[in-house]
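Let's take a walk through a protein chain together. Have the 3D view open, and turn it as you read.

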Amino acid sequence: MASAAAHAQGQASRAQAYTRRVRAWLQPQVSTGAREQRDQAVLLLAVAVVVVPHFEHLPLWSIVALGSMWIWRAWLTQTLKPAPGRIVMFVLLVLGTGAVWLEHSTIFGRNASINLLLILIGLKVLEMRAHRDVLVIVFLSLFVLQTQFLFDQSLFSAAIMAISVAMLFFVLLSANLREGDISFTGKLRYLARVFLLALPLTLALFFLFPRISAPYWHSGGSETQAGTGLSDAMAPGSISELLRNDAVALRAVFDQRVPQQRNLYWRGPVFGYFDGRTWSPLQLSRPGATYAVDVRFDPASNVDYTVTLEPTQRRGLIALEFAAAIDDVPTAQSRLTPTLELQTAAPVSSRLRYRVRSYTSFVAGPANDDGSLKLWLQLPERYNPQTLQWAAELKTRIELLANHSKAEAATPIDRRLVDAVLAHFRQEPFRYSINAPLLGHDSVDEFLFDTRAGYCEHYASSFVVLMRAMGIPARIVTGYQGGEVNPVDGYLTVRQSDAHAWAEVWLENRGWVRVDPTAAVAPERVEHTLRERRLEGLAGPQEGWSWLGEWRFNREAVENAWNQWFLSYSMDRQRALMSWIGLDPSVANISAVAIAVFSTLLLILAIVSMRRRNPREPLAELVFQLRIKLARVGVEIPPNIGLQGMEQRLAKELDPSCLPEARRLLAGIEAARYARPTTQGKPVNVGTLRMQLRLWRPIRASP
C-alpha cells in the first residue's frame with residue numbers, strides 16, 4: 001500500500017514538473033539557452049505536422065527513418081547533447097539518397113523527389129546547431145507544405161497547412177527576437193495581426209491572378225493520381241466491388257427540381273462486345289468515323305444542372321441520360337458519341353465542373369433497321385449453350401402465342417420478348433445480392449440456371465445475352481443510379497456505391513430504349529436511395545444514430561463549399577467574375593484589374609508598416625491607464641509618485657468601498673514589475689491585471 005502511494009505521489013510530482021516546464025515556456029525567456037531549447041521543441045512539433053501527412057504515400061523504410069531522426073533530435077534537445085558530427089551526417093546522407101534511388105529508380109519525379117526532400121529535412125533537423133539551421137528548416141518545411149497538394153487538396157489538408165504555417169511562423173518570430181523575448185500570447189497576437197494583414201492580398205491573388213486552363217504542374221506516368229470507380233470493361237463482380245466504397249463520384253446542383261429517384265440514371269461507358277466473360281466497348285467498323293446522333297426526347301422532361309466530377313483518369317464525362325447540351329468544360333472540348341457517351345479529348349485528371357441540360361425521357365438511334373444494328377447482336381461461340389437454347393425456346397413459344405391470340409399479336413414481338421424475360425426474373429427465385437458466388441466458363445448459364453443470385457451486372461449481362469440470342473440488338477450501359485440530396489446545401493451527392501449497370505434494347509419503330517432488369521428483381525435499388533436501403537437492411541451496414549447523419553451532412557456541405565469556391569475556381573469562373581463586375585473578360589482586363597488591386601493593397605500595407613509607433617512597456621501602459629481612470633473621477637496623481645505613494649494617496653481620496661480592489665490591483669502591478677520569477681507560484685498575467693483595471697470602478701470620497 002505504501003509503495004503504491006509513493007508511486008502515485010511520484011507520478012503526480014512528475015506531472016507537476018512537466019506542467020511547470022510548459023508554463024515556463026509560455027512566458028518570455030531571459031536565458032538564450034532556454035529560448036533555443038523551447039524554439040527547437042516547437043520546431044520539431046511543426047516539422048512533425050508538416051511531414052506526417054506524407055506518410056500515406058511514403059515507403060515503410062522512409063517512415064521509420066524519418067521517425068528515428070525525429071526522436072533522435074528530440075532526445076538531443078531534451079538532454080542538451082551535441083548534434084552528430086560531419087562524418088555521421090555524410091554517411092546518413094549517402095544512405096538516404098541511395099535508398100531513394102533503389103526505391104524509385106530515380107531521384108526525380110513527384111514521389112521520388114518528395115521522398116528525398118523529406119529525408120533531407122530529417123537530416124537537417126538532426127544536425128541543427130546554429131540560428132541559420134533553424135531558418136533553413138523553416139523555409140524547407142514551407143516548401144514541403146505545398147507538395148501535399150500534389151496528393152490531396154481537401155479542406156483537411158488546407159487546415160493542416162494553416163496550422164503548420166502558424167507554427168513555423170511562430171518559430172521564425174522567436175528566432176528573430178535577438179534582443180529579448182515576448183510571451184506566448186504576445187506572439188499569437190503578433191501572428192494574428194500578420195495573417196489579417198496578409199489576408200486581403202492573398203484573396204486578391206487567388207481571385208484575380210490570371211489563370212490558365214491547364215494545371216500548373218503535372219506528373220505523368222504511373223505517378224498520376226489514380227481514379228476510382230467505373231472502368232472501361234465489365235466482368236461479373238466488377239461493379240459490386242464498388243458498393244462498399246462511399247467515396248464521392250460526383251455532385252450535382254439542379255436549377256429547379258431534382259428528378260425522381262427512378263429517373264436518376266447517370267450514363268457512363270457503354271459496352272457492346274462480349275467475349276464470354278467480360279464486356280468491353282464495341283469497336284466500330286470504321287475507327288475515327290463520325291456518326292450522326294439521332295435522339296428523340298420529351299421537351300417537358302428537361303433538367304438543367306451543374307456537375308462537379310471527381311478525377312476519374314478517363315476521357316468520359318458523367319451526366320444524366322440523355323445529355324443534350326454541355327457547357328463550361330475548361331480543359332477540352334466535349335462530344336457526344338453514337339452511344340450517347342460524353343467524352344473529352346483528355347482524361348479527367350482533376351476535379352471538373354460543367355453545366356448540362358438533359359432530357360430524362362428519350363429514345364435514340366434509328367427507328368428502323370438500317371444495317372448498322374447487326375453490330376449489337378454479337379455473341380461469342382461455344383459459350384452459354386443452355387442460355388441460347390432457352391432463348392430459342394422462349395422466342396418460339398411467344399411467336400406461337402401470337403398466332404393463336406389477337407391480343408398478343410397486337411403487341412410487337414420484340415416488346416413481348418422483353419416483357420417475357422423480365423417476367424421470368426420476377427417470377428423465378430432470383431435474388432439481388434452482392435455476395436454472389438464466382439462464375440466459371442459459361443457465366444450466364446450458371447447465373448440463370450444455377451446460382452440465380454447476383455448484382456446489377458449479372459442481371460444486365462444475362463438480359464443482353466438473352467436479347468441478342470433472340471435477335472434483338474442490345475447493349476450494356478454502366479454508370480450510377482440515384483443519389484442523395486444533402487439538406488444542408490441542396491447538392492445531390494452520387495457515390496461510388498451508387499454504381500449501376502442496365503441495358504438498352506433496340507425496338508422497331510422506336511429505337512434504343514432503356515431497360516433495367518435489376519428493377520424487376522429488386523425495385524428498391526431504383527426507387528430508394530442508398531441511405532434508405534441501408535436503413536432497411538438491404539445492403540451494407542446501417543447508418544447508426546441520426547446525429548451522425550446530420551454531422552456527415554454538415555461535414556460534406558463544408559467540403560463541397562471548399563471544392564466549389566476554391567478548388568473549382570477556374571479560368572472560366574474568373575472570366576465570369578469579370579463579366580459580373582461589368583468588364584470584358586479578356587486577359588488584358590483581368591491583368592489590369594489585378595495590377596490595380598495589388599498595387600492598392602501593397603500601398604496600404606506599406607503605409608501601415610511604415611507608420612511611426614511609440615512602443616510602451618505593458619506595465620507602464622497599465623499604470624498610465626490607471627492614472628487616466630482616476631483623473632476622470634477627479635483624483636489627479638502626479639507622474640513623480642510611485643506605486644506605494646499612489647496607494648497612500650488613494651487611501652485619502654477614494655471611498656473605502658473601492659479601496660480593497662485598488663490595493664489588489666496595485667499589488668499585482670508591483671509584483672509583476674519587481675518580484676523575482678519563481679517556479680512555485682503562478683506568474684502574474686498582465687492580461688488579468690488589464691481586465692481587473694477595466695472592471696474596477698473608482699469612487700471619490702465625500703468631502
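Here is a short tour, from the whole chain down to single residues.

## The big picture

First things first: this is a predicted model. The chain has 703 residues, and 40% of them are buried. Its secondary structure comes to 23 helices and 20 strands.

How do the contacts spread along the sequence? Take the contacts between residues at least 6 apart in sequence: 72% of those join residues at least 24 apart.

## Two nonpolar cores

Which residues touch the most other members of the largest nonpolar core? They are Trp266, Tyr305 and Phe463, in a core of 70 residues. The biggest contribution to this core comes from helix H13 (residues 456-469), which supplies eight residues.

There's also a second core, separate from that one, with 35 residues. Leu44, Met89, Val100 and Leu116 are included in it.

## Two helices side by side

Now look for helix H8 (residues 184-208) and helix H19 (residues 587-610). Their axes come within 10 Å and cross at roughly 170 degrees. An angle over 145 degrees counts as roughly antiparallel, so that is the label for H8 and H19.

Which residues meet where these helices touch? From H8 you'll find Leu197, Pro200, Leu201, Ala204, Leu205 and Leu208. On the H19 side, the partners include Ile590, Val593, Phe598, Leu601 and Leu605.

Methionine 578 is worth a stop here too. This residue sits in helix H18 (residues 571-581) and counts as buried because its relative accessibility is 0%, where the cut-off for buried is under 20%. Leaving aside neighbours within four places in sequence, methionine 578 is in contact with Leu208, Leu583, Pro585, Ile590 and Val593. Leu208 belongs to the H8 side of the helix pair, while Ile590 and Val593 belong to the H19 side. Methionine 578 and leucine 208 are 370 residues apart in sequence, yet their C-alpha atoms are 9.2 Å apart in space.

## Two buried residues in strands

Next, find arginine 495 in strand S18 (residues 492-495). Is arginine 495 buried or exposed? Its relative accessible area is 7%, so arginine 495 is buried. Its side chain reaches the backbone oxygen of aspartate 246 at 3.3 Å. Setting aside neighbours within four places in sequence, arginine 495 has contacts with Asp246, Ala247, Val248, Ala249, Tyr480, Glu484, Arg552 and Glu556.

Threonine 478 makes a good companion example. Its home is strand S16 (residues 474-481), and with 3% relative accessibility this threonine counts as buried. What does the side chain of threonine 478 reach at 2.9 Å? The partner is the backbone oxygen of proline 269. Apart from neighbours within four places in sequence, the contacts of threonine 478 include Met234, Ile239, Gly268, Phe271, His500 and Trp502. Trp266 is also among those contacts, and you've already met Trp266 in the largest nonpolar core.

## Cysteines without disulfides

A disulfide is a covalent bond between the sulfur atoms of two cysteines. How many disulfides turn up in a search of the whole structure? The count is zero.

Two cysteines to look at are cysteine 456 and cysteine 658. Cysteine 456 is buried, with a relative accessible area of 0%. Cysteine 658 counts as buried as well, at 5% relative accessibility.

## Backbone oddities

Most residues other than glycine have a negative phi, and most peptide bonds are trans. Here are some exceptions to hunt for.

Which residues does a cis peptide bond join? They are glutamate 321 and phenylalanine 322, with omega at about 0 degrees. Phenylalanine 322 is in the loop between strand S8 (319-320) and strand S9 (323-327).

Serine 105 isn't a glycine, but its phi is positive, near 60 degrees. You'll find serine 105 in the loop between helix H4 (86-104) and helix H5 (110-126). With 56% relative accessibility, serine 105 counts as exposed. Arginine 452 also has a positive phi, about 50 degrees, without being a glycine. Look for arginine 452 in the loop between helix H12 (443-451) and strand S15 (453-454). Buried or exposed, then, for arginine 452? At 17% relative accessibility, arginine 452 counts as buried, because the cut-off is under 20%.

Conventions:
Residues numbered from 1 in each chain as written. Predicted model: local features only at pLDDT ≥ 70, side-chain atom pairs only at ≥ 80, totals over all residues. Heavy atoms only, no water. Helix = DSSP H or I, 4+ residues; strand = E, 2+ residues; numbered from the N terminus. Buried < 20%, exposed > 50% of the residue type's maximum accessible area, 1.4 Å probe, protein only. Polar contact = N/O pair within 3.5 Å; in protein donor to acceptor, adjacent residues only side chain to side chain. Contact = heavy atoms within 4.5 Å. Core = buried A, V, L, I, M, F, W, Y, C linked by side-chain atoms within 4.5 Å. Disulfide = S-S within 2.5 Å. Axes fitted to C-alpha atoms, helices over the stretch in contact; angles between N-to-C directions. Parallel < 35°, antiparallel > 145°, perpendicular 65-115°, else oblique.
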